[in-house]
Amino acid sequence: MSAQLTQVLEAIDAANAQDPNLEDGQPAALLYGQRMSQEQERLFPDASEVLQIAARGQHVERWKMARDAFPEGRAGYLAWRKAEAVHHADVVTTLMQDAGYGAEDTEAAARMLRKEGIKRDDQVQALEDIICFVFLKWYFAPFAAKHPADKVQRIVEKTARKMSADARARVLREFDLPGDLAGAFAA
């Protein structure tokens, strides 16, 4: 691991360690970043440094922009998500610049974090696949327990649509999903 990469990952972790929201006794954003890196290493062991950084920084300082600061409903949710993506990209690119990464790398990370090029850019798609695996592995069961079956089905279908064909096939191999949910990944 290069000194630059180490510096950026440590800076992301330091920022995320400030998250006042706890999960399993740890700052939630810090835990999420670690989970993203674990899945990145498992799914893409030969990932570029930029993808490694984008994975770790996916939710950097997420708690700073409250969802309830945006309007209720889907439009408000989407506006919040977009604002979060821009914020994550800004924080990560600043940390990368501080570590000496050049414009090409910082802009690549920003594109990944803003989700520009899903289904068209292999690196952006790789990050999206990692995000989906993290959701399914650690966050899906608690989400499903709080929502009606029809909403859970819709979320699973949306998740599957974001994933690459290889990632969807891998989900079917790695997760024991009920038939109606598994069907979303078989398409």
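Trainee: Which residues in H2 meet Gln52, Ala55 and Arg56 in H3?

Mentor: In this predicted model, Gly33, Gln34, Met36, Ser37 and Gln40 are the H2 residues that meet those three in H3. The axes of H2 and H3, the latter spanning residues 49-56, lie 7 Å apart and pack at an angle of about 145°.

Trainee: What makes up the contact of H2 with H3 by class?

Mentor: The contact of H2 with H3 has 2 nonpolar, 5 polar and 1 charged residues, and Gly33 belongs with the polar ones because Gly is counted among them.

Trainee: How do H2 and H6 cross, and what is the handedness?

Mentor: The axes of H2 (residues 28-43) and H6 (residues 122-146) come within 9 Å and cross at roughly 115°, and the crossing is right-handed. Among the residues that meet there are Tyr32, Met36 and Leu43 in H2, and Leu127, Phe133 and Trp138 in H6. By class, this contact has 10 nonpolar, 2 polar and 5 charged residues.

Trainee: Why does Glu128 have no salt bridge?

Mentor: Glu128, found in helix H6, has Lys162 as its nearest side chain of opposite charge, at 4.1 Å. A salt bridge requires a side-chain nitrogen of Lys or Arg within 4 Å of a carboxyl oxygen, so the pair is not counted as one.

Trainee: What, then, justifies saying that Glu128 is in contact with Lys162?

Mentor: Contact means heavy atoms within 4.5 Å, so the 4.1 Å separation qualifies as contact although Glu128 has no salt bridge. Leaving aside neighbours within four places in sequence, Glu128 is in contact with Lys115, Ile118 and Lys162.

Key: Residues are numbered from 1 along each chain as its sequence is written. This is a predicted model: local features need pLDDT of at least 70, side-chain atom pairs count only at pLDDT 80 or more; totals for chains, interfaces and linings use all residues. Side-chain values use heavy atoms; hydrogens and water are left out. Axes are lines fitted to C-alpha atoms, for helices over the stretch in contact, and angles run from 0 to 180 degrees between N-to-C directions. Helices (H or I, at least four residues) and strands (E, at least two) are DSSP runs, numbered from the N terminus. A crossing is left-handed if the near helix is turned anticlockwise from the far one by less than a right angle, and right-handed if clockwise. Buried means under 20% relative accessible area, exposed over 50%, partly exposed in between (1.4 Å probe, protein chains only). Lys and Arg count as positive and Asp and Glu as negative; His and the chain ends are not counted.
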